[in-house]
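The following exercises concern a single protein structure and its ligand. Please study the sequence and the model before reading each solution.

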Amino acid sequence: MTIPSNIESEEKVVLVGISGPSSSGKTTVSRLLTGIFPGSILIHEDDYYKDDKDIPMDEALGEQNWDCPEALDITLLSQHLKSLKHPNADPQPKLPSIQPESPSSVADPALIKQLKQKVHNAVGHENLRLVFLDGFLLYHEGSPLVEVLDVKLFLQVTFPLLKQRRESREGYQTKDSFWVDPPGYFEKLVWPNYVQQHQHMFDKGDVENGRCVASETLGIDVFSIKNEGTGIEEVLKWAVQQILESI
Ligand SMILES: Nc1ncnc2c1ncn2[C@@H]1O[C@H](COP(=O)(O)OP(=O)(O)OP(=O)(O)O)[C@@H](O)[C@H]1O
Ligand SMILES: [Mg+2]
């Protein structure tokens, strides 16, 4: 992997994508990672949603489709990421975040301390700036983000676990309002969109249990979560390891 460097300061900018279906844990793990890698910044793809009135309709369901690429300004997001790679870039060319805060105690402080030390030992001597991109739609076919991201991580989670997590959420802050899923929204719209956009990554198109076939072709590393026994700390340890191996 070639990582462009800022010539004046020799700073290396590494763009790390954290993707996966809705409620797979992207935002939670991205926030934890941002606290572990010193000087890193976090961009949420959800901040690049279009205005509420411009979200396409799913005609069959009669509801807005928040889960298709057309609902987002991915071109602007891609431009912001690319500009971070340029020398003298604005250090944070991103939109103001409207994502709500996460609870602070989602991981054991002793583990966080241990992972910070591990990062320090491995790359503490390097002038690195990590940029984490948290997004449900980074690696779909035709995505301009695949080419831009240096490290591509993905959380593969089974349908029942995702449905249960999604249905226990209150809703989502949007640009102009607050979205609450109508009944059946996960299985009728969120999941089918996810399958359509990600089946190319998995053997036989099996997004739940299939082996990732995009590791070689697209350089995507997948962590597979099959049941509630795999907590966020396992995901975090894996992500730190993958990032350190890639840089
Ligand atoms: N490995 C895990 N074990 C247990 N709970 C988890 C795990 N990962 C995430 N969660 C919980 O699932 C919920 C959704 O997590 P999170 O908001 O990080 O998902 P997301 O992938 O960002 O979803 P979205 O795409 O909808 O924004 C949160 O309540 C979070 O605490
Ligand atoms: Mg999220």
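**Exercise 1: Aromatic pairs**

In this predicted model, the count of aromatic pairs comes to 13. Classify the pair formed by the rings of Phe-154 and Phe-202, and state which parts of the chain the pair ties together.

*Solution.* Step one: the ring centres of Phe-154 and Phe-202 are 5.9 Å apart, and rings pair if their centres lie within 6.5 Å. Step two: the two planes stand at 55 degrees, so the pair is tilted. Step three: Phe-154 belongs to strand S6 (residues 151–157), while Phe-202 lies in the loop between helix H6 (185–198) and helix H7 (214–218), so the pair ties together parts that are 48 residues apart in sequence.

**Exercise 2: The surroundings of ligand 1**

Describe the space taken by ligand 1 and the residues around ligand 1.

*Solution.* Step one: ligand 1 occupies the largest pocket. Step two: there are 15 residues around ligand 1, and Ser-22, Lys-26, Thr-27, Thr-28 and Tyr-172 come nearest. Step three: the shell divides into three nonpolar, eight polar and four charged residues. Step four: helix H1 (residues 26–36) supplies the largest share of this shell, three residues.

**Exercise 3: Polar contacts and cover**

Which distances separate oxygen atoms of ligand 1 from N or O atoms in the side chains of Thr-27 and Thr-28?

*Solution.* Step one: for Thr-27, the distance is 2.7 Å. Step two: for Thr-28, the distance is 2.5 Å. Step three: as to cover, the protein covers 75% of the 630 Å² of accessible area that ligand 1 has on its own.

Technical notes. Residues numbered from 1 in each chain as written. Chains lettered and ligands numbered in written order. Predicted model: local features only at pLDDT ≥ 70, side-chain atom pairs only at ≥ 80, totals over all residues. Heavy atoms only, no water. Near = heavy atom within 4 Å. Polar contact = N/O pair within 3.5 Å; in protein donor to acceptor, adjacent residues only side chain to side chain. Areas by Shrake-Rupley, 256 points an atom, 1.4 Å probe, with all protein chains shown as cover. 1 Å grid on protein atoms, 1.4 Å probe; cavity = no way out; pocket = protein on both sides within 12 Å on 5 of 7 lines; lining within 4 Å. Sits in = over half its atoms within 2 Å of the grid points. Helix = DSSP H or I, 4+ residues; strand = E, 2+ residues; numbered from the N terminus. Nonpolar A, V, L, I, M, F, W, Y, C, P; charged D, E, K, R; others polar. Phe/Tyr/Trp six-rings, centres within 6.5 Å; stacked < 30°, edge-to-face > 60°.
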